[in-house]
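Q: Please take a close look at a single part of this protein. I would like the strand pairing described, and then the residues around it.

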Amino acid sequence: MLASRSSPDADDLEARLTELDLAPPPLCHQRSQEWAEPVYRSASIDPSRLSLERGSTSFEEYEEEPVYRSAFSGLHLDASAISDDDPYYTDERFHADWGFVRVDDPRHSRIGCCSPTHGLSAVGCPATTPDAAFVFDLPCEIFDHVLAFLPCHPDLFNAMAASKSWRRCASDNCARRCVDVPASQGGLARAVEAARPGDTLRLSAGLHVLSAELTLSVPLQLVGPPAGAGGADAAPAVLSSAQHVLLRSRSAARLRGLTLCRMGEGVGYPNAVLFAEAGTLSVEACRITCGGGARDEADALRAFAGAPTPGVPFEQRPQLPAEASLPAAPPHERLQADAALSSDAGGNELPQSGVWVGAAARVLLRGCLISRTLGPGVKVYRGELEAVGNTIAFASRGANVVANGGRVRLSRNQIQGATGDGVSVWNCTQLSADGNRIEGNTGSGVVINSCGGRVSLGPDNEFAANGARDVSRPSARELACSRAAAAALAAC
C-alpha cells in the first residue's frame, strides 16, 4: 500500500499538478491593492527540463524570443580578409608638407615629420608609444587657428611651455589679441562688451570715465601704459566712476598698471572700488583710492602724492587741498580729524572699501598702492586673498585690512596710518602674516575679534607707533560669548 502511494503514475501526477494552479507569489507592494492585476516575477525555466508536455503547462504564454548581449572588445578581423599588399591598409606616416605617405618614403627622414600611425591589424588597434623623435607639427595658419580657441590664462600660457616653437606661436597669437582703448567716456565699456575671452585691452593714458558699473564676465586682461613709457611722470590710465562699484569681476581676469578712482558717495552693496565676485583676479602694480568729496579726479589722485614704491612706507601722509585748514596736531588726532572732515564733505558715513573679495573669489594682490579709502583698504568676505609687496595705508573708516572669514596671506606689505586697526580678523578667518610692517594705526596692529579660525604671525613682522597693542586678542569673556553665539548659529 505504501509503495503504491509513493510511486503514482505519470498521468496521476500531471492531473494533481494541474489542479494546484501553481503561480509565483505577487510583488510585495501589490498586497494592499487587491483590485489590481498581480504581476509575477519568475526565473527563466528551460521547458525541455520539464517532464510535462508543453501543451499542459501555462509557461507557453510567457515565452519570449531570446535577447543576446555582448561587450564590444575591439575590432576583430579575420587575417585572411586583409591582404598585406592592400594599399588601403599599409602603415603610413603623416608629414606636415606632404600629408600621408608610405612608411618607407625617404622624405620621413627629414626634420619635422610625425611618428608613424599604425594601421589595422588582425588583432585590433593596440596603443603605441610615440618615437623619441616625435614632433607634433601643423601648418602655422592651422595651429594659430587652434590656439585662438584657448583662453590666454592659463591655457595659452601653458601651451607656451611645451616647446620653443609653440612658445613663439602662442606669443604671436596672444599679441594679436590686444585691443587699444583710447581714453574717452564709455569707450572702455564698449571695448569690454565686444571683447572675446582671453583678449587684452591696452588702455591709453588719460581718463576713462564709466557711466555704469564695469563688469568682467569673461577672462580678460586690462593693462595700462608700459611702466617705462613717458618716464616717471607719465600720465596713467585712470578709471573713474561714481557708481557704488567701479569694476566687478566674475571670471578669471588680470589688471596691471591701472589707477582706479571711485568718486562720490554712492550707496549700494557691496560698497567698493573693486569687487571680485567670482574667479581668480590678479591685480598687479595698480593704484586704488576713493575720491569721496573731492572736486574731481585730479583732486582725488593727490592721495598718491609722494607715494613710495609699493611695500615701502609713506614718508608723510598725502594731504588733500581741503586738509590745508586742519590745525597741526599729533598724528593720531590728525587722523581722526581727517576722518571727520571726509565724512562732512560727502555727508555719508558709509564705508567704501578699496578691494572687496567675495566668497567665491580669489584675489592675488601684488605691488599695489591702496591709499585713502573711505573704508577698509581690503575687505575679505569669506574669500581668499594673497597680498605680497603692497602698501595699504590711510583707511579713514576702519582697519586697513578686514577679514571676515576666508583665507588671507599677507607677506612683505606696508600697512600704516588707518583710523582704526591695521589688520582686523573676524569669524573663523585663517590668517598667515610674515614680513609685514604695521605702524601708525590709531588702533591695534593686529586685532583678533572672535574665536575659531587660525592666526599665524611670523616673528619677522614689525610693529611701530600703533595707538593700542601690537596684537590684541579677545578676553576670556568675549571668547565665551563668541563660542556661545557660534553654537547657537550652528544649532539653527
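A: What follows starts with one strand, moves to its partners and ends with the whole protein.

This is a predicted model, in which local features need pLDDT of at least 70, side-chain atom pairs count only at pLDDT 80 or more, and totals for chains, interfaces and linings use all residues. Residues are numbered from 1 along each chain as its sequence is written, and side-chain values use heavy atoms, with hydrogens and water left out.

Start with strand S20, residues 401-404. Helices (H or I, at least four residues) and strands (E, at least two) are DSSP runs, numbered from the N terminus. Val401 and Ala403 point one way from S20. Val402 and Asn404 point the other way. All four are buried, that is, under 20% relative accessible area, where exposed is over 50% and partly exposed lies in between (1.4 Å probe, protein chains only).

S20 has a parallel partner in strand S17, residues 378-381. Four bridges join S17 and S20; two strands pair if DSSP finds at least two bridges between them. Lys379 stands opposite Val402 in S20.

S20 also pairs with strand S23, residues 423-426. The sense is again parallel, over four bridges. Here Asn404 stands opposite Trp426 in S23.

Ser424 is in strand S23. Ser424 counts as buried because its relative accessibility is 5%. Its side chain makes a polar contact of 2.9 Å with the side chain of Trp426. Such a contact is a pair of N or O atoms within 3.5 Å; within protein, one must be able to donate a hydrogen and the other to accept it, and residues adjacent in sequence count only if both atoms are side-chain atoms.

Which residues does Ser424 contact, leaving aside its neighbours within four places in sequence? They are Ala399, Val401, Val402, Ala403, Val447 and Asn449. Contact means heavy atoms within 4.5 Å. Val401, Val402 and Ala403 in this list belong to S20.

Now the wider setting. The protein has nine helices and 29 strands. Of its 492 residues, 37% are buried. Among contacts with a separation of 6 or more, 52% are between residues 24 or more positions apart. The accessible surface comes to about 28,300 Å², by the Shrake-Rupley method with a 1.4 Å probe; for residues, only the protein chains shown count as cover. Carbon and sulfur atoms hold 54% of that surface.
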